[in-house]
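Trainee: Could we go through this model together, slowly, with the cut-offs spelled out as we meet them?

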Amino acid sequence: MKLKVRHRTIYTYTETVRQNSNELRLQPRESTWQSLEFFLLKILPATDLSHYWDFYHNTVHHFEISAPHRRMTIESNFRIETTSKVGPATFPYGVPHGRLPECIEIEECSEFLRDSRYVSSSPAIWREAIDIQSASTDVFQTSYAIMEHIFDNYSYQPGVTSASTHSTEVFERRQGVCQDFAHAMIAMCRALGIPARYASGYLYDPGHTGLRGTQASHAWCEIYILGQGWFGLDPTNNKVVDDGYVKVATGRDYGDTAPVIGQFVGKGSRTLDVSVNVERLA
């Protein structure tokens, strides 16, 4: 599937600011299942951009604006071709829970077995995860069941959480948005010893069917299956990640993948307006 994406972020400041410094994670990752055809990043006021790859191999763009300003626009535009990694007939079943201890020795996934800034386990999270796991001995089947559990029992409610809401709070309130659902799933998977990481990007809704998370950046969980790699599961929509998803960044939690992280020098406050548009080209 060929997709065209525009992501625009506008900051408006109540008073003039200066020395505005930002890190951006907006450029999609390239892989066997994602081929980036075009990418353009525009910043206003205009400034120079530099880029590097972070610890998790995400592309990070950095810029600074020293001229006084009261409005800043960040816009990324790209075209990308996506392919589904798996379908119902090729789901990665067959790895039992008994093999999970092997993951500790694998550099690619050992980082995603531990607590992180926004995700940690608790006795209550562990007990609920164990209850879900009791019906299966297969790692993917258990992970799928956790995804279904969150979709069925958590309420999608924009505005009740923030970017800094921790997984334990999400577990207690059972409300939130895609970021929160992903954090909750990661916490339950890690509690069982399943390597789980946070993925951010975009979601295309082909028929405007009501998929949640299509009007902004989206987030989901990826779990590691021994011998087969990482697979995406979206608890917000109860879907295995397919070619309608565009992956931009991965990390331990939202803190490693935030689209924009920045700070500025100045008084007053700021408002934020974000718009995302995902279109199919072919």
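The questions and answers below deal with cores, helices, cysteines, single residues and backbone angles.

Mentor: This is a predicted model, in which local features need pLDDT of at least 70 and side-chain atom pairs count only at pLDDT 80 or more, while totals for chains, interfaces and linings use all residues. Residues are numbered from 1 along each chain as its sequence is written, and side-chain values use heavy atoms, with hydrogens and water left out.

Trainee: Which element gives the largest share of the largest nonpolar core?

Mentor: A nonpolar core is a set of buried Ala, Val, Leu, Ile, Met, Phe, Trp, Tyr and Cys residues joined through side-chain atoms within 4.5 Å, where buried means under 20% relative accessible area, exposed over 50% and partly exposed in between, with a 1.4 Å probe and protein chains only. The largest such core has 48 residues, and those with the most contacts inside it include Ile 146, Met 185 and Ile 223. Among the elements giving two or more residues to this core are α2, α3, α4 (167-173) and β8 (196-203); helices (H or I, at least four residues) and strands (E, at least two) are DSSP runs, numbered from the N terminus. The largest share, 10 residues, comes from α5.

Trainee: How many residues are in the other core, which lies apart from this one?

Mentor: The other core is set apart from the one to which α5 gives its 10 residues. Its members include Tyr 11, Leu 26, Phe 39 and Val 278, and its residues number 26.

Trainee: At what angle do the axes of helix α2 and helix α3 cross?

Mentor: Two packed helices are described by the angle between their axes and the distance between the axes. Axes are lines fitted to C-alpha atoms, for helices over the stretch in contact, and angles run from 0 to 180 degrees between N-to-C directions. For α2 (residues 123-133) and α3 (residues 139-153), the axes come within 9 Å, and they cross at roughly 120°.

Trainee: Which residues of α3 make the contact with α2?

Mentor: Contact means heavy atoms within 4.5 Å. On the side of α2 the contact is made by Glu 128, Ile 132 and Gln 133, and on the side of α3 by Thr 142, Ala 145, Ile 146 and His 149.

Trainee: Why is Cys 189 not bonded to the closest cysteine sulfur?

Mentor: A disulfide is a pair of cysteine sulfur atoms within 2.5 Å, and the structure holds zero disulfides. Cys 178 is in no disulfide, its nearest cysteine sulfur, that of Cys 221, being 13 Å away. Cys 189 is buried at 0% relative accessibility, but its sulfur is too far for a bond because the closest cysteine sulfur, in Cys 221, is at a distance of 4.8 Å.

Trainee: Is Leu 100 buried or exposed?

Mentor: Leu 100 lies in the loop between β5 (69-82) and α1 (107-110). Leaving aside neighbours within four places in sequence, Leu 100 is in contact with Val 139, Leu 192, Gly 193, Ile 194 and Pro 195. Its relative accessibility is 7%, and Leu 100 therefore counts as buried.

Trainee: How far apart in space are the C-alpha atoms of Tyr 118 and Ala 184?

Mentor: Tyr 118 is found in the loop between α1 and α2 and counts as buried, at 10% relative accessibility. Beyond four places in sequence, Tyr 118 has contacts that include Ser 164, His 183 and Tyr 254. Tyr 118 and Ala 184 are 66 residues apart along the chain, and their C-alpha atoms are separated by 9.8 Å.

Trainee: Which residue is joined to Leu 44 by a cis peptide bond?

Mentor: Most residues other than glycine have a negative phi, and most peptide bonds are trans. The cis bond has an omega of about 0°, and one of its two residues is found in the loop between β2 (34-44) and β3 (50-53). The residue joined to Leu 44 is Pro 45.

Trainee: What is phi of Arg 174, a residue other than glycine?

Mentor: Arg 174 is found in the loop between α4 and β7 (175-176), and is partly exposed, with a relative accessible area of 24%. Its phi has a positive value, near 55°.
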